[in-house]
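Work through the exercises below with the sequence and the structure at hand. Try each task before reading its solution.

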Amino acid sequence: MFKSAASSTVYADYNATAPLRKEAREAMLVAMEIGANASSVHGAGRKAKAVIERGRDQVAMAIGACRDDLFFTSGGTEANFSVLKGACAADPSLRLIVSAIEHDAVLAQFPDAERAPVTADGVIDLDWLRHRMAEWISEDGRPFLSLMFANNETGVIQPVADAARLVHDAGGLIHSDAVQGLGKVQLSVVDLEVDYLTLSAHKIGGPQGVGAVFLAAGAPYICQITGGGQEMGRRAGTENVAGIAGFGAACDAAVSDLDGFAKLAQLREKLENRLKTEGGVTIIGERVARIANTTCLAKSGFRSETQVMAMDLAGVAVSSGSACSSGKVRRSHVLSAMNISPELADGALRISFGWQSTPDDHERVADAWLAAAMRAGQLSTPKKETA
Ligand code: PLP
């Protein structure tokens with residue numbers, strides 16, 4: 001995993017998009033050569049169909065699901081849209097509750113949905129959920145919770161299985177956006193006890209523009225993208241054969257290197273300790289379980305955009321908050337939900353590593369941040385020299 005990067009730039013924005021894995025690229029090139037529609041009955045069409053079904057097996061295997069419970073989409077956003085709209089259309093008694101730290105791809109679907117609060121560490125408040133479920137009466141309909149597996153900005157892992165039990169005991173359903181969990185820790189839809197799970201290929205070294213939905217057998221759902229009967233009537237549109245091939249190959253590669261991914265936590269610890277000691281940063285979500293690749297650091301008075309630009313000039317790619325919303329400078333709703341002061345939130349930076357990251361990359365990110373902070377007058381004492 002830790003092979004040295006030949007490039008002079010450092011990419012530390014994997015939570016936005018991970019670089020394409022060679023296994024994914026190769027599978028896509030082979031699939032693109034087929035050049036047929038998977039719905040066609042001739043030989044070439046059947047070949048394309050076989051590629052899709054292999055991809056389905058690979059993605060299903062990565063989350064411990066039954067292959068028939070999975071359908072492909074154009075990405076994580078469409079997957080979230082399909083689940084939330086499709087479930088609520090199929091069962092109008094569902095009352096959606098979303099955690100306050102969900103990605104916009106969840107929040108935007110039903111902007112008026114009830115928000116479940118999170119603790120100061122960025123974990124859903126299970127006491128709140130327990131009370132909310134205990135007071136639930138059937139006249140209120142059925143609770144339907146959307147709780148992400150891991151947060152894209154902080155990396156904080158959510159207690160999805162605990163939440164699932166509370167919601168199921170109240171007669172409800174649960175969806176988990178696992179876009180930032182796939183390929184980073186072992187995921188099992190059985191252990192998580194979820195009714196719906198959503199995924200995206202490009203966060204794990206697959207191509208952009210492909211995602212998937214896990215739909216537990218019997219979970220209410222009405223197809224939202226209508227047209228042809230592709231994906232067993234669950235999502236119309238000619239399938240992205242090459243994209244699905246790349247998604248499947250990326251899943252295999254990521255799942256076979258989960259131990260390597262977990263080792264990123266040691267490099268992160270070193271990086272965070274250095275930036276805390278030498279840079280006086282606050283690490284967001286530090287006290288709770290996080291995915292191994294993500295650091296969200298913050299420094300009051302050192303604006304996120306300034307940090308991102310200074311790092312970019314030094315050849316280091318990082319993000320402020322969610323990359324999907326970068327460009328528009330606005331305070332992170334995730335950090336606000338964690339009750340982090342506006343001054344600190346405005347100085348937040350997301351650093352995220354992945355399958356190609358090296359120990360040297362971590363060092364260079366720390367060096368670049370400290371140099372930027374020094375130039376901006378943000379360090380009270382000179383940066384310690386490193387050998
Ligand atoms: N959900 C989460 C947690 C994400 O981080 C993202 C992308 O940043 C998405 C959903 C959207 O996925 P996609 O980019 O595949 O539409």
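**Exercise 1: The largest cavity**

Task: Find which residues lie nearest the centre of the largest cavity, and how many residues line it.

Solution. In this predicted model, the lining of the largest cavity consists of 15 residues. Nearest the centre are Arg-21, Lys-184, Lys-203, Ile-204 and Phe-261. Next, sort the lining by residue type: eight are nonpolar, four are polar and three are charged. The volume of this cavity is about 80 Å³. The structure has two cavities of 30 Å³ or more.

**Exercise 2: Place the cavity**

Task: Work out where the largest cavity lies with respect to domain 1 and domain 2.

Solution. Take the bounds to begin with: domain 1 covers 10-20 + 259-375, and domain 2 covers 22-255. Both domains contribute residues to the lining, so the largest cavity lies between them.

**Exercise 3: Read the sheet**

Task: Give the order of the seven strands in the open sheet, and explain why one side of E2 and of E4 has no neighbour there.

Solution. The order is E2-E8-E7-E6-E5-E3-E4, with mixed pairing. Strands E2 (70-73) and E4 (114-116) are at the edges and have a single partner strand each, so one side of each lacks a neighbour in the sheet. On average, neighbouring strands are turned by 20° against each other, direction ignored.

Now take one pair from the sheet. Strand E5 (residues 142-146) pairs with strand E6 (residues 173-177) in the parallel sense, over three bridges. Opposite Leu-145 stands Ile-174 in E6.

Finally, add a helix. H2 (residues 43-62) lies across E2, E7 (196-200) and E8 (211-215). Helix H2 runs at about 110° to E2.

Methods: Residues are numbered from 1 along each chain as its sequence is written. This is a predicted model: local features need pLDDT of at least 70, side-chain atom pairs count only at pLDDT 80 or more; totals for chains, interfaces and linings use all residues. Side-chain values use heavy atoms; hydrogens and water are left out. Two strands pair if DSSP finds at least two bridges between them. Helices (H or I, at least four residues) and strands (E, at least two) are DSSP runs, numbered from the N terminus. Axes are lines fitted to C-alpha atoms, for helices over the stretch in contact, and angles run from 0 to 180 degrees between N-to-C directions. Contact means heavy atoms within 4.5 Å. On a 1 Å grid over the protein atoms alone, a cavity is a set of points where a 1.4 Å probe fits but cannot get out, and a pocket is an open set with protein on both sides within 12 Å along at least five of seven lines; lining residues have an atom within 4 Å of a point. Grid points are joined across faces, edges and corners, and a volume is the space filled by probe spheres set on the points. Ala, Val, Leu, Ile, Met, Phe, Trp, Tyr, Cys and Pro count as nonpolar, Asp, Glu, Lys and Arg as charged, and the others, Gly among them, as polar. Domain bounds come from an automatic or database domain assignment.
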